[in-house]
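Dear colleague,

I am passing on the structure we spoke of, with the sequence alongside. Please look it over before reading the notes that follow.

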Amino acid sequence: MDSSRSAQRAVIQFLRAEGEHASQIYRRMKEVYGQQSLARCTIFRWCQRYEAGRVNIKDFPRLGQAHVVTNSTTISAVNELIRQNRRITTRKFAVELSINKGTVHHIIHKKLGYGKVCAQWISSICQRIRRRRESVFA
């Protein structure tokens with residue numbers, strides 16, 4: 001069974017058109033979809049939207065920049081800067097690459113797996129080795 005959001009929104013729209021109350025729709029959705037069901041407040045919100053005349057089950061496009069900054073070119077550029085100078089700050093990364101400081105932080109920690117120890121960027125594997133050594137000698 002398709003438990004995607006758009007499929008559940010279509011079910012909500014159908015049941016609302018038949019005159020079902022939002023609380024009854026919630027109960028029926030919980031029975032059918034179980035843990036995969038939309039949250040109660042989400043079901044009630046979509047019921048309100050359909051009552052107000054909305055016919056589309058898809059989200060409206062959102063404003064803001066698309067996430068195109070975190071690509072392989074940017075990741076490799078950040079990695080190269082780290083290898084050149086391990087004491088560089090995220091602010092300097094952001095200025096040099098003309099990207100957001102939060103994006104730099106995401107690339108360093110999530111994409112590359114680096115952490116900061118003693119004011120130097122090191123890989124998370126090196127951190128684990130260092131911790132093991134310290135715990136053995138302590």
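The accessible surface of the protein, taken from what is a predicted model, comes to about 9900 Å², and carbon and sulfur atoms account for 51% of that surface. Of the 138 residues in the protein, 28% are buried.

As for confidence, the protein averages a pLDDT of 85, with 89% of the residues scoring at least 70. The mean is highest in helix α2 (residues 22–33), at 95, and lowest in strand β2 (residues 120–123), where it is 68. Where pLDDT is low, the predicted coordinates should not be read in detail.

The protein contains seven helices and two strands, which follow one another along the sequence in the pattern α-α-α-α-α-α-β-β-α. Among contacts between residues at least 6 apart in sequence, 49% join residues that are at least 24 apart.

Turning to the interior, the largest nonpolar core has 12 residues, namely Ile75, Val78, Leu81, Ile82, Ile88, Phe93, Ala94, Ile99, Val104, Ile107, Ile108 and Tyr114. Helices α4 (72–84), α5 (90–97) and α6 (101–111) each supply at least two residues of this core, and the largest share, four residues, comes from α4. Apart from this core lies another, of 11 residues, which includes Ile12, Leu15, Ile25 and Trp46. Returning to the largest core, one of its members is Ile75, and this residue, leaving aside those up to four places away in sequence, touches Thr70, Ile107, Lys111 and Leu112.

With best wishes

Note on methods. Residues numbered from 1 in each chain as written. Predicted model: local features only at pLDDT ≥ 70, side-chain atom pairs only at ≥ 80, totals over all residues. Heavy atoms only, no water. pLDDT = per-residue confidence, 0-100. Buried < 20%, exposed > 50% of the residue type's maximum accessible area, 1.4 Å probe, protein only. Contact = heavy atoms within 4.5 Å. Areas by Shrake-Rupley, 256 points an atom, 1.4 Å probe, with all protein chains shown as cover. Core = buried A, V, L, I, M, F, W, Y, C linked by side-chain atoms within 4.5 Å.
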